[in-house]
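Let's look at a protein model together and ask how each label is earned. Keep the structure open while you read.

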Amino acid sequence: MKISEIFNLNVSQYELDFIDIDPDKDTRLFVDPGFIRNRKDALSIESLESIESFFSFFLNLLKSNDKEARVLFNYLHEPNETCLGLSKGKPRGNAIGNKDSDKLFKAIKQNPTVVNSNIDRIEDLLLFVDGIGPDKISDMTTNIIRKNLWEYTKKQCQLWDIPLKNNIETNYCWDNVDKKWIKYKGDSLVIDKKRILLVPKNFVSICKNYTPNGLYNEFILTFLQDDNIKKKSPLVQHRKDKTPFVTKISLKRNGSKYSKDFISQFVIKYPDVFYKFKQWADNNAAKSNWGIIDEASIASNDIMNVISSIKNRLIECLSSDDCDDLYRKVVLGALELLFYPDIVHPEFNRNIVKRNEPSTIFDNVATEGFFYNLVHKYKIIRKVECISFPKKTNKKEIDRLFDEISVDNKVPVLLVFKGIDDVEPVLTRCKDTFIKTGSIVFPLTTDDLSVMLDNIVDEKSSPYDKFFVARLNKIVSYK
């Protein structure tokens, strides 16, 4: 069973920020350091610091003290906590184990791109070193960012009321400051006596971009085609219109056959080609990730069924006075579906009102559209705060709410009302708040959520964008 089923969350993968793993088998996805590198949320930035701290320290040790480097390398072994990768049956990890550890360490140390300092990313090892594929890069990365994932797991469990066990020791985590592997103790997610780490959706990929085949076929061979044409080599042929061309097959047959050793030697000779490949991969990583769920076939529910389920649960809450926690979670799932990948990593925040409504804060990592423009036009920080109000709210309560609310004018706030007599007084108060403090507060109703969810059904690429633009225009110029 998946995490959502074990803990009766009654949500789909689309409504969760983390990968909804089955602890009894591996999900064929990989923690991708290239994706982490190109994300701008706080967790990605902190995780990248850990990755770069370890890898730069490791590369330096390889050249100055290979015995210490070997000791450091020993800790990159078979993490099973994420249940991601290629294993069949129960997760057992496929990273660097005792049998191939010496062989891989030697291959890394002796690889010409390492010797000549052509690499600076841990994922570069995937391109040049035999025996290292996306599964090993994923597991190496998991070891390094284990503490980051541990902290993330605790926050997600708190958000979804998933019970944690106290005083559990972690596996080894990389310490950026002291440059060593250490363990921590604290609250942890444990299922059937097994420690579990949850992984954000925007950390994983199916590894299509940063691959040796991609570098070889699309960049190296393309470069060699142009180079042979410039040099008028014997491999050049001509079309009927006398246009010169060189086939990739002819290059492969004449000294440019695929191998990681060939790729390594080529990159040393032509580093600019490698640089262009990394730029291309970074651009693709920055744009991609939405759709990963479908491609990996881990979303067992059709998205239309998910939308229908969310709307039905919202209707159920409208007809009940005793569904506070359910309403909060349905709203959380709806916002995840609507906003991802622009808004990510929800977690509990301080209460900003005295009524004890739980506050959830998200990272805003939008690279275009409404939330991106909101940051740049109004100079706010890259966060979005959301407060759900599961009780019917009238004008008197709204007045009291705005009197009590303590708005951080650097963070836009979404106020989601289950029931409200009239949204116009709320818009008026939002307008007043903006004029007085520069703070941006958006009122949303259950009907508003349904409208935006219907936009997904209508195949609109950004289901919330036009709605929020119109709502913002009413707040900043409401009459």
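Q: How many helices and strands are there in the chain?

A: This is a predicted model, and its chain holds 21 helices and 14 strands. Along the principal axes, the C-alpha trace spans about 80 × 65 × 40 Å.

Q: What share of the residues in the chain is buried?

A: Of the 479 residues, 55% are buried. That label calls for a relative accessible area under 20%. As for the accessible surface of the chain, it comes to about 22,400 Å², and 48% of that belongs to carbon and sulfur atoms.

Q: What makes Glu81 and Arg146 a salt bridge?

A: The label needs a side-chain nitrogen of Lys or Arg within 4 Å of a carboxyl oxygen of Asp or Glu. Here the closest N and O atoms of Glu81 and Arg146 are 2.8 Å apart, so the pair earns the name. The general idea is friendly enough: side chains of opposite charge can pair when their charged atoms come close. The structure holds 21 salt bridges.

Q: Which parts does the pair of Glu81 and Arg146 tie together?

A: Glu81 sits in the loop between helix 4 (66-73) and helix 5 (98-110), while Arg146 belongs to helix 9 (residues 146-160), so the bridge ties together parts that are 65 residues apart in sequence.

Q: Why is Glu81 called buried?

A: Its relative accessible area is 6%, and buried means under 20%, so Glu81 fits the label. Arg146 has a value of 3%, so Arg146 is buried as well.

Q: How do you know that Asp282 and Arg121 form a salt bridge?

A: Their closest N and O atoms are 2.8 Å apart, and the cut-off is 4 Å. Asp282 lies in helix 13 (residues 271-287) and Arg121 in the loop between helix 6 (112-115) and helix 7 (124-128), so this pair links distant parts of the chain, 161 residues apart. Asp282 has 17% relative accessibility, which is under 20%, so Asp282 counts as buried. Arg121, with a relative accessible area of 11%, is buried too.

Q: Is Asp325 buried, exposed or partly exposed, and what makes it so?

A: Asp325 has 36% relative accessibility. Buried would need a value under 20% and exposed one over 50%, so Asp325 is partly exposed. Its salt-bridge partner Lys329, by contrast, has a relative accessible area of 15% and is buried. The two side chains meet at 3.0 Å, N to O. Both residues lie in helix 16 (residues 324-339), four residues apart, about one turn of the helix. Salt bridges that share partners join Asp161, Asp325, Arg328 and Lys329 into one network.

Q: What makes Glu15 a buried residue, and where is its place?

A: Glu15 has 2% relative accessibility, under the 20% limit, so Glu15 counts as buried. Its place is in the loop between helix 1 (3-6) and strand 1 (30-31).

Q: Which side chains make a polar contact with the side chain of Glu15?

A: One is the side chain of Ser12, at 2.9 Å, and another is that of Arg313, at 3.0 Å. A polar contact needs N or O atoms within 3.5 Å, so both distances fit. Leaving aside neighbours within four places in sequence, Glu15 is in contact with Trp160, Val306, Ile310, Arg313, Gly333 and Glu336.

Q: Which strands are the edge strands of the open sheet with the order 10-11-12-13-14, and what makes them so?

A: They are strand 10 (343-349) and strand 14 (441-445), each of which pairs on one side only. The sheet has five strands with mixed pairing, and its twist averages 25° from one strand to the next.

Q: How do you know that strand 11 and strand 12 pair?

A: Pairing needs at least two bridges. Strand 11 (residues 359-364) and strand 12 (residues 383-393) share five bridges, so they pair, in the antiparallel sense. Thr360 stands opposite Cys386, and Asp363 stands opposite Lys383.

Q: How many bridges join strand 12 to strand 13?

A: Seven bridges join strand 12 to strand 13 (residues 413-420), and these two run parallel. Cys386 stands opposite Leu414 in strand 13.

Q: What makes strand 12 mostly covered?

A: Eight of the eleven residues in strand 12 are buried.

Technical notes: Residues numbered from 1 in each chain as written. Predicted model: local features only at pLDDT ≥ 70, side-chain atom pairs only at ≥ 80, totals over all residues. Heavy atoms only, no water. Axes fitted to C-alpha atoms, helices over the stretch in contact; angles between N-to-C directions. Buried < 20%, exposed > 50% of the residue type's maximum accessible area, 1.4 Å probe, protein only. Polar contact = N/O pair within 3.5 Å; in protein donor to acceptor, adjacent residues only side chain to side chain. Contact = heavy atoms within 4.5 Å. Areas by Shrake-Rupley, 256 points an atom, 1.4 Å probe, with all protein chains shown as cover.
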